[in-house]
Amino acid sequence: MTRLVVNQPVVILLICATAVCCGRERQGSAASGSAPAEPVAAGMHPGSPVQAELLSDVAIVQPGEVFKLGVLLTMEPGWYVHWINPGGSGEAISIDFKLPSRFEVGPLRWPIPLQFEQPDGTVGYGYQNEVLIHAEVRASNRDVDDGEIWPLSADVRWLACEHECVPGRSKLQVSLPGSISGTRLVDLINAPRVEKWLPRVPVASGSPLAPFTATVSGLRSLDFVVSLTWQSMPSNVQWFPAPATAAATPVSSLHTSGRRTQIELSAPTSDTHSGLRVIDGVVAYTDASGERRAAELSVAVNGLSEL
């Protein structure tokens, strides 16, 4: 990976100037039909229903620091893109981060999805208006040189749908200076844009903040029942199965009464769920204050006895 070296005092000004110039060049190239420019932080796609932007919550990267790096997709009204499980049809958003040597990236964190009807009549899961999908990144512990720049990039693909579906792709990049002082410098513009999405990410399974406890039982040879007991009464409860769970048990129904919810999962044949070991997904709900919340669900199904 080639690294640029410039004088530290002008690093941030150079980054801003480069992003603006490259953004204009890319938009002009697209309009003229010439070859696309190098990746930039904001992917300008004239005529596309989706625009993409790469955001970091820090302005300078310290050695060994953990920071957040995310892709913000903004959709035109009426258009949507898909969650990790797109539903009955569609294609999940794909984000391939390309980072410098010895940088480590964690799993993608997906905000609470919506449920909608797709152009082919199937139920879909995804996002409208805008969504930020992020991951935590740990920087290399290697000492940096004065003025050293770290290029962080992402290759993003999506399928945007309204009355029809249109595939899209954007190659994004931000270049952040390495810190030689050991001082953390938050990006005052982008950090709030990232942070506003953090409450919309489902609570991790097993977290002490989980709003329910879960058990699973076998109803019949082809069915499972997941029982949730809530700490406080929810409303508008929805179930979003993870891809493997949806493939193994494609039929599901949900019933909530008071502080109890039952999710019944059915497989068409015994072969369909023969490899299923864990039921995974996201349970979304509205809390007493009217806020939309969610929690991950992950329960093992090995060795269940039938009801």
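**Entry 1: the chain as a whole.** I started with burial: of the 307 residues in the chain, 45% are buried. I note here that the model is predicted. I then looked up the secondary structure and found three helices and 20 strands. Next I took the contacts between residues at least 6 apart in sequence; 69% of these join residues at least 24 apart.

**Entry 2: a three-stranded sheet.** I turned to one open sheet and asked in what order its three strands lie. The order is β16-β19-β20, and the pairing is antiparallel. The edge strands are β16, covering 235-241, and β20, covering 292-300, since each of them pairs on one side only. I also looked up the angle: on average, neighbouring strands of this sheet are turned by 25° against each other, with direction ignored. As a reminder to myself, strands in a sheet pair through backbone hydrogen bonds, either parallel or antiparallel.

I followed one pair further. How many bridges join β19 and β20? There are nine, in the antiparallel sense, and β19 spans residues 278-286. For a single example I picked V283, whose bridge partner in β20 is A295.

**Entry 3: residue Q115.** I looked up where Q115 sits and found it in strand β8, residues 114-117. Is Q115 buried, partly exposed or exposed? Its relative accessibility is 42%; buried means under 20% and exposed means over 50%, so Q115 counts as partly exposed.

I then listed what Q115 touches, leaving out residues up to four places away in sequence. The list is V123, G124, Y125, Q238 and F240. I noted that strand β16 runs over 235-241, and that Q238 and F240 are among the contacts of Q115. I also checked Q115 against W83: the two are 32 residues apart in sequence, and their C-alpha atoms are 9.8 Å apart in space.

**Entry 4: empty space inside.** Rolling a probe the size of a water molecule over the atoms shows where empty space is left. I looked up how many cavities of 30 Å³ or more a search of the whole structure finds, and the count is one. The largest cavity holds about 40 Å³ of space.

Which residues line the largest cavity? I wrote down V61, Q62, P63, F103, A139, S140, R142, V144 and W150. By kind, the lining divides into six nonpolar residues, two polar and one charged. Arg counts as charged, so R142 in this lining is the charged one.

Definitions and conventions
Residues are numbered from 1 along each chain as its sequence is written. This is a predicted model: local features need pLDDT of at least 70, side-chain atom pairs count only at pLDDT 80 or more; totals for chains, interfaces and linings use all residues. Side-chain values use heavy atoms; hydrogens and water are left out. On a 1 Å grid over the protein atoms alone, a cavity is a set of points where a 1.4 Å probe fits but cannot get out, and a pocket is an open set with protein on both sides within 12 Å along at least five of seven lines; lining residues have an atom within 4 Å of a point. Grid points are joined across faces, edges and corners, and a volume is the space filled by probe spheres set on the points. Helices (H or I, at least four residues) and strands (E, at least two) are DSSP runs, numbered from the N terminus. Buried means under 20% relative accessible area, exposed over 50%, partly exposed in between (1.4 Å probe, protein chains only). Contact means heavy atoms within 4.5 Å. Two strands pair if DSSP finds at least two bridges between them. Axes are lines fitted to C-alpha atoms, for helices over the stretch in contact, and angles run from 0 to 180 degrees between N-to-C directions.
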